[in-house]
Structures are given as structure tokens and as C-alpha cells.
Amino acid sequence: MRRFILSLFFSIALLFACQDNSVEPDTTESFSGQLVVTKWQESYQWTFVDTDLVLFTVSSGQYDLVHIKNNTTLCNSSGIVNGFGSSKMILTPSSKVGSGGCDTLRVPQGEFPTVFRGDSLYIGPTEVTINTIVNGRPSYDIMTYSFALSK
């Protein structure tokens, strides 16, 4: 009986010891490069194009977008990324940091077409539209975002 109990104990211990408890490490991918922003304002009827140097990092379904050289005065943002690695991804910001008003127009969000080529990542172009009131009249602004990034 004693041998049976010892055999059972060692069998259970061996069973737990041989289980695959390995955990996939979180992969973090960082890309840096240029963000081209085109802004069109209906109220002023003008278009403005500028570029920023940015760092885009993705890890475990989360992203961070940091403007290293911020000519556009856009906000840094972070949040959830869905579809990263496919032909389109969706950015849903949960945090916005920057000077001035960090509204939905000053942060890339929504669905972006993506192209991966070796170590390069191309995101966009994607338009973000915001409705505003200017001098009591409804108006809208459009921001178009295009990224050309590399690892």
C-alpha cells in the first residue's frame, strides 16, 4: 500500500513537472520615421501640410505614438491597436498627452490601411474629420495622416 501511495505521489509530481508552462514572451516592435499630416479647414478654405518625426511602438495589443520632432503640434497618444500585422489596423486611443487641446482631431485614430515591407511599415493615408462651430456656423476640419516608418 505504501508503494502504491508513493507511486501515485511521484506520478502526480511528474505530471505537474512535465506540463508545458512556458509563456510566450511579449513581443515589442518599435518603428520610427515620418508622419505626414495634411490639414484642411473648411472655415478658412486652406490646406496645410507638415511632417513630424515619430516613434510608434506596439506591444501586446497596445500602442504608443510619440512625436520626437513635433512640427504639427499633435498630441502623443497610446491605446489599443487591433489588426497590427495585417493589411489594416485600428487605433483606439485611450490616453492623449500634449500642449493645447488634445482632441480627437489631433490624434490619429480609426482604421488605417497598412503595408509591411521587410523592416518598413507604411500606415495610411487615413482621414479624420471633426465637426466644429465657427462664428455660429457648422464647419468641419479634416486631418489626413500618412506614416512611413522603419525598424
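Mentor: Accessible areas here come from the Shrake-Rupley method with a 1.4 Å probe. In this predicted model, the protein exposes about 9,500 Å², and carbon and sulfur atoms supply 56% of that area.

Trainee: What makes a residue buried, and what share of the protein is buried?

Mentor: Buried means under 20% relative accessible area. Of the 151 residues in the protein, 29% are buried.

Trainee: Why is the pair E29 and K151 called a salt bridge?

Mentor: The cut-off is 4 Å between a side-chain nitrogen of Lys or Arg and a carboxyl oxygen of Asp or Glu. For E29 and K151 the N to O distance is 2.9 Å, so the pair qualifies as a salt bridge. E29 lies in strand β1 and K151 in the segment after β8, so the bridge ties together parts that are 122 residues apart in sequence.

Trainee: Why is K151 called exposed, and E29 partly exposed?

Mentor: Exposed means over 50%, and partly exposed lies between that and the 20% limit for buried. K151 has a relative accessible area of 54%, so K151 is exposed. E29 is at 25%, so E29 counts as partly exposed.

Trainee: How do you know that K88 and E111 form a salt bridge?

Mentor: Their closest N and O atoms are 3.8 Å apart, which is within 4 Å, so the pair counts. K88 lies in strand β5 and E111 in strand β6, so this bridge ties together parts that are 23 residues apart in sequence. K88 is partly exposed at 43%, and E111 is partly exposed at 45%.

Trainee: How many salt bridges does the structure hold?

Mentor: The structure holds 2.

Definitions and conventions
Residues are numbered from 1 along each chain as its sequence is written. This is a predicted model: local features need pLDDT of at least 70, side-chain atom pairs count only at pLDDT 80 or more; totals for chains, interfaces and linings use all residues. Side-chain values use heavy atoms; hydrogens and water are left out. Buried means under 20% relative accessible area, exposed over 50%, partly exposed in between (1.4 Å probe, protein chains only). Helices (H or I, at least four residues) and strands (E, at least two) are DSSP runs, numbered from the N terminus.
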